[in-house]
Amino acid sequence: MSVFPLFSVPFVRTKLNNPAAINAELRSLFLKREAEGASWRNPQPTMPIPKGLYESKFDLFSWPDRCVQQLHEFCMLELFKVIGEVNAYKLDELRELESQTHAWFHVTRRGGLFSSHNHPMASWSGVYCVDAGSSDPGETDSGVLHFQNPHQLASMYTDPANNRMIDAYSLKGCNFHLAAGELVLFPSWLFHEVSPFKGTGERITVAFNTWFRKRGAT
């Protein structure tokens, strides 16, 4: 007899090499844009934007700034690696794909959060951490990126035979404490949220949604 996982969800956690310099440039640029207010703010957010959170327009990866384009290149390179692996694509098949992307930045201060949501019009999403901020001592859930377990309906009945299963089969969600320079990639359909930031300074992240088609397709 063998026990094996089924219906798995692919996740990637990776990190940009030597991110300090590019993150310093991104941080300076984003705070400058935030200070300019409505010029760069998302004019039609799909969800309520609470106090303590700034959300930019969704055209970030089209900005010509060198630091933005370096981040764009890194994120897309990592994403195409993932797509190749999980679809068992050969290199020539990957080259036939072209992508479209919405990307934006968030600046989060004390009390800022983002409620549970997914991105139904994309196939892959990502979150890159520019600055994790400084959480108050003892605040273990401050600003965490939380993913809901998609098998939650399986908890409609629990007893001693299923309420202590190991992590591979557990029904609990997962918290990601992002560090500066870290990138998380995940399927866009997966519900996720950011818990309230309880700390000083700014928690700064870049998020993006990407969808694909074969070159020449209409």
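Helices, of at least four residues, and strands, of at least two, are DSSP runs that I number from the N terminus. With that convention I examined this predicted model.

**Entry 1. Overall form**

I counted the secondary structure elements and found 3 helices and 12 strands. I then checked the radius of gyration against the value for a compact globule. For 218 residues that value would be near 17 Å, and the protein has 19 Å, which agrees. Along the principal axes, I noted that the C-alpha trace spans about 60 × 50 × 35 Å.

I looked up the contacts with a sequence separation of 6 or more; 86% of them involve residues 24 or more positions apart. Of the 218 residues, 38% are buried. The accessible surface comes to about 12800 Å², and carbon and sulfur atoms account for 55% of that surface. For the charges, I recorded 21 positive and 22 negative, with mean positions 2 Å apart.

**Entry 2. Two residues with positive phi**

Most residues other than glycine have a negative phi. I therefore noted Asn18, because its phi is near 45°, a positive value in a residue that is not glycine. Asn18 sits in the loop between strand E1 (12-15) and helix H1 (20-35). Is Asn18 buried or exposed? Its relative accessibility is 73%, and the cut-off for exposed is over 50%, so Asn18 counts as exposed.

I made a second such note for Ala88, whose phi is near 55°, again positive in a residue other than glycine. Ala88 belongs to the loop between helix H2 (66-87) and helix H3 (91-94). With a relative accessible area of 61%, Ala88 is exposed.

**Entry 3. Strand E9 and its partners**

I next examined strand E9, residues 182-187, where 6 of the 6 residues are buried. In a regular strand the side chains alternate between the two faces of the sheet. I accordingly listed the two sides of E9 separately. Glu182, Val184 and Phe186 are buried on one side, and Leu183, Leu185 and Pro187 are buried on the other. Both faces of E9 are thus covered.

Which strands pair with E9? E1 pairs with E9 in the antiparallel sense over 4 bridges. Strand E5, residues 124-131, is joined to E9 by 5 bridges, and these two strands also run antiparallel. For individual positions, I recorded that Val12 has Leu185 of E9 as its bridge partner. Tyr128 has Leu183 of E9 as its bridge partner.

**Entry 4. Strand E3 and its partners**

I turned to strand E3, residues 97-108. Strand E2 (residues 53-55) is joined to E3 by 3 bridges, and the two run antiparallel. Within this pairing, Glu55 has His106 of E3 as its bridge partner.

How many bridges join E3 to strand E12? I found 12, with E12 covering residues 203-214 and the two strands running antiparallel. Gln100 stands opposite Trp211 in E12.

**Entry 5. Three loop residues**

I looked up Met47 in the loop between H1 and E2. Its relative accessible area is 17%, and the cut-off for buried is under 20%, so Met47 is buried. Setting aside residues up to four places away in sequence, Met47 touches Phe114, Ser115, Ser116 and His117. I also took the C-alpha distance from Met47 to Val107; the two are 60 residues apart in sequence and 16 Å apart in space.

Tyr169 I located in the loop between strand E7 (145-147) and strand E8 (174-176). At 26% relative accessibility, Tyr169 counts as partly exposed. Which residues does Tyr169 contact, leaving aside its neighbours within four places in sequence? They are Val3, Phe4 and Pro5. From Tyr169 to Arg95 the C-alpha distance is 36 Å, and the two are 74 residues apart in sequence.

Lastly, I placed Lys198 in the loop between strand E10 (192-194) and strand E11 (199-200). Lys198 is partly exposed, with a relative accessible area of 36%. Not counting residues up to four places away in sequence, Lys198 touches Arg110, Ser135, Asp136, Glu139 and Ser142. Between Lys198 and Tyr54 I noted 144 residues in sequence and 16 Å in space, C-alpha to C-alpha.

Key. Residues numbered from 1 in each chain as written. Predicted model: local features only at pLDDT ≥ 70, side-chain atom pairs only at ≥ 80, totals over all residues. Heavy atoms only, no water. Rg over C-alpha atoms; globule rule 2.2 N^0.38 Å. Buried < 20%, exposed > 50% of the residue type's maximum accessible area, 1.4 Å probe, protein only. Contact = heavy atoms within 4.5 Å. Areas by Shrake-Rupley, 256 points an atom, 1.4 Å probe, with all protein chains shown as cover. Lys, Arg positive; Asp, Glu negative; His and termini not counted. Charge placed at Lys NZ, Arg CZ, Asp CG, Glu CD. Pairing = 2+ DSSP bridges.
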